[in-house]
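Here are my notes for you, written as a handful of points to read with the model open. Take them one at a time and find each residue as you go.

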Amino acid sequence: MLCVRISILQAEEDHMNKSHTYFEQILEIQQQRRGFQDGLELLLDLHARGKVSKKDLDKSIALWHTVESTLKEEVTALYDKAYAEGCFN
C-alpha cells in the first residue's frame, strides 16, 4: 500500500513539475512578445516624430510580424500541450 501511495505522489509531483515548466516557457515567450511589441511602439513613435523613415519602419514592421507570428505559434502550442495534459485544471 505504501508503494502505491508513493507512486501516486511521484506521479503528481512529476505532473506539477511538467506543468510548471510549461508555465515558465509560456511566460518567457510572452515576455519576449511584449518586448518586441514595446520596440515596435517605440519605432512607430520615432517615425511619427520624423526620426525613422517610412522605409525603415516598414522593414521593421515586416520583421516584427514574422517574429510575432513565430512566437505566437510557439506559445499556442505550449498552451495546447498544457491544456491537454491537465495543467490548467
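Which residues form one aromatic cluster? Keep that in mind as you start; one reminder first is that this is a predicted model.

1. The cluster is made of F23, Y79, Y83 and F88. The structure holds 3 aromatic pairs. In one of them, the ring centres of F23 and F88 sit 5.3 Å apart with the planes at 55°, so this pair is called tilted. F23 belongs to helix α1, while F88 is in the segment after α2 (54-84), so the pair ties together parts that are 65 residues apart in sequence.

2. Now look at the other ring next to F88. The centres of the Y79 and F88 rings are 6.0 Å apart and their planes make an angle of 25°, so you can call this pair stacked. That label fits because planes under 30 degrees apart count as stacked.

3. Are these rings buried or exposed? The answer is in between: F23 counts as partly exposed because its relative accessibility is 30%. F88 is partly exposed too, at 33%, and so is Y79, with a relative accessible area of 28%. The cut-offs explain the label, because buried means under 20% and exposed means over 50%.

4. Have a look at the surface as well. F23, Y83 and F88 make a nonpolar patch there, and together they have about 290 Å² of accessible area. F23, Y83 and F88 are also members of the aromatic cluster.

5. Next, go inside. Which residues make up the largest nonpolar core? There are 8 residues in all: Y22, I26, I29, L71, V75, L78, A82 and C87. Helices α1 and α2 are the elements that give two or more residues to this core, and α2 supplies the largest share, with 4 residues. As background, nonpolar side chains tend to be buried together in soluble globular proteins.

6. I26 is a handy residue to click on here. Setting aside neighbours within four places in sequence, I26 is in contact with V75, L78 and Y79. V75 and L78 are fellow members of the core, whereas Y79 belongs to the aromatic cluster, so try showing both groups at once.

7. Finally, try L46, which has its place in helix α1 (residues 2-48). Not counting residues up to four places away in sequence, L46 touches K51 and V52. L46 and L57 are 11 residues apart in sequence, and their C-alpha atoms are 9.2 Å apart in space.

Conventions:
Residues are numbered from 1 along each chain as its sequence is written. This is a predicted model: local features need pLDDT of at least 70, side-chain atom pairs count only at pLDDT 80 or more; totals for chains, interfaces and linings use all residues. Side-chain values use heavy atoms; hydrogens and water are left out. Contact means heavy atoms within 4.5 Å. Patches are made of residues with over 30% relative accessible area and no salt bridge: like charges are joined within 9 Å, nonpolar side chains (Val, Leu, Ile, Met, Phe, Trp, Tyr) within 5 Å. Accessible areas come from the Shrake-Rupley method with a 1.4 Å probe; for residues, only the protein chains shown count as cover. A salt bridge is a side-chain nitrogen of Lys or Arg within 4 Å of a carboxyl oxygen of Asp or Glu. Buried means under 20% relative accessible area, exposed over 50%, partly exposed in between (1.4 Å probe, protein chains only). Rings of Phe, Tyr and Trp (its six-membered ring) pair if their centres lie within 6.5 Å; planes under 30 degrees apart count as stacked, over 60 as edge-to-face and the rest as tilted. A nonpolar core is a set of buried Ala, Val, Leu, Ile, Met, Phe, Trp, Tyr and Cys residues joined through side-chain atoms within 4.5 Å.
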